[in-house]
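Welcome! Here is a short guided look at a protein model for someone meeting it for the first time. Take a moment to turn the structure around before reading on.

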Amino acid sequence: MSGPAASARGGTTLATMDQGARTRTARTGRTARTARTTARVTTAPLMVTAPLAGAWTHDVATSDAALRRFLHGLPGVDQVGAEARAAALATRSIKRESKMWALDAAISMIDLTTLEGADTPGKVAAMCAKARHPDPTDPSVPPVAAVCVYPDLVGVAAAQLAGSGVAVASVATAFPSGRASIGVKLADVRDALEAGAQEIDMVIDRGAFLGGRYGQVYEEVRAVREAAGPALLKVILETGELATYDNVQRAAWLAMLAGADFVKTSTGKVTPASTRPVALVLLTAVRDFMQAGGPRVGVKMAGGIRTAKEAISYLVIANETAGAEWLTPSALRLGASTLLNDLLMQRTKQRTGVYSGRDYFTID
Amino acid sequence: MPRVAPHVEAATVDSVAAFDYAPAPESRDIVRLDAEYGLFVGGEFHPAVSGRTFVTINPATEEPLASVAEAGVEDVDRAVAAARAAYEDGWGRLRGRERAKYLFRIARVIQERARELAVLESLDNGKPIRESRDVDIPLAAAHFFYYAGWADKLEHAGFGPQPRALGVAGQVIPWNFPLLMAAWKLAPALATGNTCVLKPAETTPLSALFLAQICQEVGLPPGTVNILTGAGATGAALVAHPGVDKVAFTGSTEVGKEIRRAVAGTHKRLTLELGGKAANVIFEDAPIDQAVEGIVNGIFFNQGHVCCAGSRLLVQESVADLVLDRLRERLATLRLGDPLDKNTDIGAINSAEQLAKIRGLADAGSEEGAERWSPPCTLPDRGFWFPPTVFTGVSQSHRIAREEIFGPVLSVLTFRTPAEAVAKANNTPYGLSAGVWTEKGSLILWMAQQLEAGVVWANTYNRFDPASPFGGYQESGFGREGGRHGLEGYLDG
C-alpha cells in the first residue's frame with residue numbers, strides 16, 4: 001500500500017505482518033523465519049533441537065507422556081482475553097470494495113454441506129448444481145470450494161461435480177461421534193475415497209482426548225492420514241465438547257502434529273459449534289505451528305455461521321491473527337449451507353444497491 | 001504439496017491485497033456544533049465577563065471546531081455563587097431518592113445520545129471512534145447509573161450513620177477522557193448532595209458543554225452543575241476560591257502539587273488523581289497471546305494518554321524474545337489514521353504541545369542508548385500524530401523508564417525472578433496501577449500484595465468499572481474514585 005494512497009484514505013494498516021518473510025517457499029514448505037522461530041519457542045523444549053517439522057513432530061509424539069508434556073507446555077489461553085479480542089475484531093467495519101471482495105472470497109471458501117439422515121441422491125444433486133453456479137443469473141459468482149456429504153452419497157456428488165473444479169468432501173470415521181473401532185473408521189475413509197472423495201473430514205475421539213489418551217488420538221489421525229493418501233484431510237475437533245480454549249489449542253496441535261491439512265471446529269451436531277473465540281484460538285495455533293517450522297495448516301469453521309456479516313468477521317479474525325496468506329480456500333473454509341444465500345443476497349445488494357427478496361435466490 | 005482443487009487458489013490468491021479494509025468513517029453529521037459556546041452557570045449559557053474566548057480544534061486535522069468562552073476570576077465567582085445557592089436552596093435540600101432520579105435521567109440521555117457524544121469526543125480529542133463508542137461513552141453513562149443507585153443509601157455506605165454533603169465541589173479534569181472524567185467527578189458529587197463547578201481541559205471542552213445541555217434537558221435544578229471552560233488560570237482561580245469546600249483534580253503530578261499547596265491551610269477537602277508509570281509484568285507462564293493483547297491495550301489504548309497506562313513492560317527473560325516477536329507482529333496490524341474511521345486503532349495525539357513532549361522524551365530514550373522500534377507506518381500530513389513506539393534495552397535509570405510520557409511509547413525491561421519484578425515495578429515515585437500476567441493463581445495473589453499500586457490488574461489491563469475504586473499511591477495522588485469508596489471524598493461522615 002503506497003503512502004499517498006494510504007493517507008488519502010485516512011486509515012492504513014501499518015504493515016501486513018511482514019508478509020515476505022512469512023511466505024512459505026513452495027519447494028521446502030518451510031518459512032524463511034524457521035531458524036529464528038524454532039529457537040525461540042522455549043516453552044516447548046522438544047521443539048528446540050529439530051528445525052524440521054518432520055523430525056521434531058516425531059520426537060514429540062513418542063509416547064503419551066511426551067505428548068502430554070508438549071501439549072501442556074504450550075502457553076495457556078486466557079478465556080476472558082481471547083473472548084475480548086474476538087469480540088473486538090468483530091467490530092471491524094468492512095465496506096465497499098473490501099466487502100465485495102470478502103463476499104466473493106467467503107463464497108469460494110464454502111464447503112456446501114448436507115449431513116442429514118434424510119439426505120437423498122436428489123438432494124445432493126440439487127446441492128451440487130448450486131455449488132457449481134451459486135447464482136444462476138450471475139456467472140461472475142465464483143463456485144464454492146467443495147460439497148460435503150456422507151460417504152454413501154459421495155458417488156452421487158462426484159458424478160455431478162466431475163470437471164467442475166468443485167471438490168467432493170466426505171465426513172468419515174464414524175461421524176459425528178467417532179465412537180467406533182479404528183478398523184471401522186478406516187473402512188469408512190476407504191469407502192469414501194473409493195467413491196471419489198477428494199477431501200476427508202474426520203472426527204477425533206473426544207472421549208480419548210478428554211481422558212488424556214493423547215497418543216490414541218494422535219495414532220488415529222496418523223492412520224487416517226495414511227489411509228487418505230493425497231486427499232485433503234480435515235480434522236474435526238468438536239470444540240463444543242472440548243469445553244476449554246486450552247483443550248482446543250491442544251487438540252489443534254495434536255491434529256497438526258499428526259498431519260492434518262485443516263483443523264475444523266465442529267461437526268455441526270453439537271452446540272456450541274463454531275464461535276469466534278474458538279476460531280481465534282485455532283488461527284493462532286496454525287500461525288504458531290507454521291512459525292515453528294510446520295506447514296501452513298488450514299482452518300475450517302463449521303456450524304452456526306448463517307449470515308454474511310458473521311462470515312466476514314471470521315475473515316477479519318483470520319486476517320489479523322494468522323495473516324493475509326490464510327485468506328484463500330486452501331487455508332480457510334466455512335462449512336455451511338444457509339450461509340450461501342445470505343452471501344448472495346448481500347452480494348446483489350452491493351452490486352445493485354438494493355436488497356432482493358429471498359425468493360430471488362434458490363433453495364436447494 | 002497443497003491438496004486442493006486448483007480453481008480456488010486462482011480465484012482469490014491475487015486478491016488478498018484487496019482485504020485491507022475500505023474506509024468506514026462514522027458520519028460526523030450527527031453532531032451539530034455551534035460556532036460559539038458560553039459558560040454554563042446557573043443553568044444558562046453566558047459569555048465570559050471579560051468577553052474572552054479561545055478556539056478548540058480537531059487534533060486529527062487541526063481544523064477549528066468552535067469558539068469557547070474563557071472563564072476569568074469573575075466567572076469563577078459567579079459559578080461558585082450559583083453552586084452555593086443551589087446547594088443551600090435546591091439540590092442540597094433534595095432527598096436522596098429525588099437526586100437519584102436526576103442522575104438516572106442523565107445516564108439515560110447519555111445512552112440515547114451515545115453516538116452523537118462518541119463522534120463529538122473523537123472530533124475534539126482525536127481518539128478512535130471505536131474507543132469513544134465502546135469505552136468512553138458507555139462508561140460515562142454507567143457511572144451515572146451506578147451513583148444514582150447510591151444516592152438514597154448513603155447511610156449504609158459505611159461513612160457514618162448520617163453522612164452529609166460537603167457543599168460546593170470545584171473539579172478540574174484532563175483532556176484524555178473528557179466526558180468520562182466529567183462523569184467520574186460529577187456523578188459521586190451529585191449523588192452525595194454536593195453541587196459542582198467543573199472545569200474541563202482547554203483542548204477538550206466540548207463534551208462537557210454537551211453534558212451541560214443534557215443537564216438542562218433533564219431539568220437539573222439551575223446551579224447544581226456549572227461548567228467553566230478555560231485554561232490553567234481558570235482552574236487555579238477555581239481551586240483557590242474561598243467558596244469551594246472540596247477540590248477534586250485529575251491531571252499531571254506537577255499541577256497536583258501546586259493545587260495541594262494552594263489548598264493547604266484551608267478547610268477544603270482534596271482528592272488528587274495524578275500521573276503514573278505503571279509496570280505491566282509478564283511471567284513466563286503467562287497466556288502469551290492474551291498478554292500481548294494486554295500490552296497493546298495497556299500502552300496504545302487512547303494513544304497512551306492514560307494515567308494508568310502500562311508504560312513499563314516488565315517481561316521475564318526466559319520469554320522476552322517470544323513476547324517481543326509477537327508484540328512486533330501484533331503492532332504491525334494496528335491501524336493508525338482518521339479517528340472517525342470505525343477500523344482505526346490509533347488516533348491523533350491530543351495537542352501540538354503533548355506531541356512535542358512525547359517527541360522530546362522519545363528522543364531522550366534514543367540518546368540514552370535504548371533501542372527504538374516502530375512498525376512501518378504512514379502518518380497523515382496534517383494533525384498531530386506519533387507512531388506506536390517500543391523501546392527495548394531500557395534500564396531503570398533511563399528517563400523513559402522513570403518519567404510519564406503520556407503517549408504511545410512502551411519501555412521494555414526484563415527480570416529474572418518474581419522478587420526482582422516486584423522491586424523494579426515498585427521502583428517509581430508513582431503508584432497508580434500495575435498488571436500481572438501468569439496462569440498461576442498464587443503468584444497473582446502474592447504480586448497483588450507486593451505491588452504498591454492502587455489498581456492491580458490480573459491477566460487483563462485497563463479494565464474499568466464504576467463499581468471498582470480507582471486511585472493511587474505516592475505521587476499518583478490520593479483518594480479513590482468509583483465504587484463505594486468514591487463516595488467518601490464527597491461526604492462528611
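The report below goes from chain A to the nonpolar cores and ends with a helix of chain B.

## Chain A at a glance

Please keep in mind that this is a predicted model. Chain A holds 17 helices and 9 strands. Of its 364 residues, 59% are buried. The accessible surface of chain A is about 13,300 Å², and carbon and sulfur atoms supply 55% of that area.

How do the contacts spread along the sequence? Among contacts in chain A with a separation of 6 or more, 74% join residues that are 24 or more positions apart.

## The barrel of chain A

A good feature to look for in chain A is a closed barrel of 8 strands, which runs in the order β2-β3-β4-β5-β6-β7-β8-β9 with parallel pairing. From one strand to the next, the twist averages 25°. In general, strands of a sheet pair through backbone hydrogen bonds, either parallel or antiparallel.

You can zoom in on one pair of neighbours here. Strand β5 of chain A, residues 199-203, pairs with β6(A) in the parallel sense over 5 bridges. Within this region, Val203(A) has Ile236(A) of β6(A) as its bridge partner.

## A loop residue beside the strands

Now find Pro230(A), which sits in the loop between α12 (214-228) and β6 (232-236) of chain A. Is Pro230(A) buried or exposed? Pro230(A) counts as exposed because its relative accessibility is 69%, and the cut-off for exposed is over 50%. Its C-alpha atom lies 8.0 Å from that of Gln198(A), a residue 32 places away along the chain.

## Two nonpolar cores

The largest nonpolar core has 108 residues, and those with the most contacts inside it are Ile110(B), Phe144(B), Ile282(B) and Leu327(B). Helix α6 of chain B, residues 178-191, gives this core its largest share, 11 residues. At least three residues come from each of domain 1 (28-274 + 476-492) and domain 2 (279-465) of chain B.

Leaving aside residues up to four places away in sequence, Ile110(B) touches Leu117(B), Ile137(B), Ala141(B), Phe144(B), Leu211(B) and Ile214(B). A second, separate core has 104 residues, including Ile107(A), Ala228(A), Val286(A) and Leu343(A).

## Helix α14 of chain B

Which residues of helix α14 (residues 418-426) of chain B are buried? They are Glu420(B), Ala421(B), Val422(B), Ala425(B) and Asn426(B). The buried residues of α14(B) pack against β12 (279-282), β13 (312-316), β17 (409-415) and α15 (441-450) of chain B.

How values were computed
Residues are numbered from 1 along each chain as its sequence is written. Chains are lettered from A and ligands numbered from 1 in the order in which they are written. This is a predicted model: local features need pLDDT of at least 70, side-chain atom pairs count only at pLDDT 80 or more; totals for chains, interfaces and linings use all residues. Side-chain values use heavy atoms; hydrogens and water are left out. Buried means under 20% relative accessible area, exposed over 50%, partly exposed in between (1.4 Å probe, protein chains only). Helices (H or I, at least four residues) and strands (E, at least two) are DSSP runs, numbered from the N terminus. Contact means heavy atoms within 4.5 Å. Accessible areas come from the Shrake-Rupley method with a 1.4 Å probe; for residues, only the protein chains shown count as cover. A nonpolar core is a set of buried Ala, Val, Leu, Ile, Met, Phe, Trp, Tyr and Cys residues joined through side-chain atoms within 4.5 Å. Domain bounds come from an automatic or database domain assignment. Two strands pair if DSSP finds at least two bridges between them. Axes are lines fitted to C-alpha atoms, for helices over the stretch in contact, and angles run from 0 to 180 degrees between N-to-C directions.
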